[in-house]
Amino acid sequence: TLGRAGFYPAYKEAFELTTTLEEEEPILQEVVATGFKPALLWLGQHYRNADNNEKGRELYQRAGDEGVISGYISLGILEVGNVLRYINVLKEPDKDKKHYAALTQEQIEAGIEWFTRAGDDHHPDGWEYLAELYAKLELFKRIEEDESRREYSICLKKGMALGSAKAYRRA
């Protein structure tokens, strides 16, 4: 009832209390139907959890296209993995090495495109993800050091222009 009255976090609470994917879907469909755009991300994640990555992709892109820019970041993560999470190269270097070695050139280019799109739409995390992707690609010998450093520097400058404290710390 609270959700229907415009208190959208009530929907999130309701679907977090569900125990099955089947129970989640009607709640998420209802909140999306209200026009609450961030719910597109919730529904996209729901479909990914239900092994429907294509539907999840569609919803992430729709979210980004409708102004929830983190949808583009989610698409980049779908392509190349969460580059911010794969930072433990000292404890599990083989896991990360295998992950980056397995990426196709198309996946890398798509990840770059989605993170760039998020940054171009003024989401500082887009530049952070992209900078980290370039650093990882260099670390795991997928691109040359000169290209990585050039692109990394551009990402930091663009992130700083958006006021990203993370970009300032890395610069």
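# Legends to close-up views of the predicted model

**Figure 1. A stacked aromatic pair between helices α5 and α7****.** With ring centres required to lie within 6.5 Å, four aromatic pairs are counted in this predicted model. One of them joins Tyr 72 and Trp 114: the ring centres are 5.6 Å apart and the planes meet at 20 degrees, so the pair is stacked. The two residues belong to distant parts of the chain, 42 residues apart, with Tyr 72 in helix α5 (residues 70-80) and Trp 114 in helix α7 (residues 105-120). Both Tyr 72 and Trp 114 are buried.

**Figure 2. The packing of α5 against α7****.** The helices that carry the stacked pair pack at an angle of about 165 degrees, with the axes of α5 and α7 8 Å apart. This angle is over 145 degrees, so α5 and α7 are roughly antiparallel. Their crossing is left-handed. On the α5 side, the contact is made by Tyr 72, Ile 73, Leu 75, Gly 76, Ile 77, Glu 79 and Val 80. On the α7 side, Gln 107, Ile 108, Ala 110, Gly 111, Trp 114, Phe 115, Arg 117 and Ala 118 take part. Tyr 72 and Trp 114 thus appear both in the helix contact and in the stacked pair.

**Figure 3. The packing of α2 against α3****.** Helix α2 (residues 21-33) and helix α3 (residues 39-49) have axes that come within 9 Å and cross at roughly 155 degrees. The two helices are therefore roughly antiparallel to each other, and their crossing is left-handed. From α2, the contact involves Leu 21, Glu 24, Glu 25, Leu 28, Gln 29, Val 31 and Val 32. From α3, the residues in contact are Ala 39, Leu 40, Trp 42, Leu 43, His 46, Tyr 47 and Asn 49.

**Figure 4. The packing of α3 against α4****.** Helix α3 also packs with α4, at an angle of about 165 degrees and with the axes 7 Å apart. That angle makes α3 roughly antiparallel to α4. The crossing of α3 and α4 is left-handed. In α3, the residues that meet α4 are Leu 40, Leu 41, Leu 43, Gly 44, Gln 45, Tyr 47 and Arg 48. Their partners in α4 are Asn 53, Lys 55, Gly 56, Leu 59, Tyr 60, Arg 62 and Ala 63. Two of the residues in this contact, Tyr 47 and Lys 55, also form a charge-ring arrangement: the charged end of Lys 55 sits over the ring of Tyr 47, 5.9 Å from the ring centre.

**Figure 5. Burial along α3 and the surroundings of Leu 40****.** Helix α3 is mostly covered, with eight of its eleven residues buried. The buried residues are Ala 39, Leu 40, Leu 41, Trp 42, Leu 43, Gly 44, His 46 and Tyr 47. Leu 40, which lies in α3, has a relative accessible area of 2% and is therefore buried. Leaving aside residues up to four places away in sequence, Leu 40 touches Val 32, Leu 59, Arg 62, Ala 63 and Glu 66. Leu 40 takes part in the contact with α2 and in the contact with α4. Between the C-alpha atoms of Leu 40 and Arg 170, which are 130 residues apart along the chain, the separation is 32 Å.

**Figure 6. Two loop residues with positive phi, Asp 51 and Lys 141****.** Asp 51 follows α3 and lies in the loop between α3 and α4 (53-65). Its phi is near 65 degrees, a positive value in a residue other than glycine. The relative accessible area of Asp 51 is 71%, so the residue is exposed. Lys 141 is placed in the loop between α8 (124-139) and α9 (145-161). Phi of Lys 141 is near 60 degrees, likewise positive in a residue other than glycine. Lys 141 has a relative accessibility of 72% and therefore counts as exposed.

**Figure 7. The chain as the setting of the close-up views****.** The chain contains ten helices and zero strands. Its C-alpha trace spans about 55 × 35 × 25 Å along the principal axes. Of the 171 residues in the chain, 40% are buried. Among contacts between residues at least 6 apart in sequence, 49% join residues at least 24 apart.

Definitions and conventions: Residues are numbered from 1 along each chain as its sequence is written. This is a predicted model: local features need pLDDT of at least 70, side-chain atom pairs count only at pLDDT 80 or more; totals for chains, interfaces and linings use all residues. Side-chain values use heavy atoms; hydrogens and water are left out. Rings of Phe, Tyr and Trp (its six-membered ring) pair if their centres lie within 6.5 Å; planes under 30 degrees apart count as stacked, over 60 as edge-to-face and the rest as tilted. Helices (H or I, at least four residues) and strands (E, at least two) are DSSP runs, numbered from the N terminus. Buried means under 20% relative accessible area, exposed over 50%, partly exposed in between (1.4 Å probe, protein chains only). A charge sits over a ring if NZ of Lys or CZ of Arg is within 6 Å of the ring centre and within 35 degrees of the ring normal. Axes are lines fitted to C-alpha atoms, for helices over the stretch in contact, and angles run from 0 to 180 degrees between N-to-C directions. Angles under 35 degrees count as roughly parallel, over 145 as roughly antiparallel, 65 to 115 as roughly perpendicular and the rest as oblique. A crossing is left-handed if the near helix is turned anticlockwise from the far one by less than a right angle, and right-handed if clockwise. Contact means heavy atoms within 4.5 Å.
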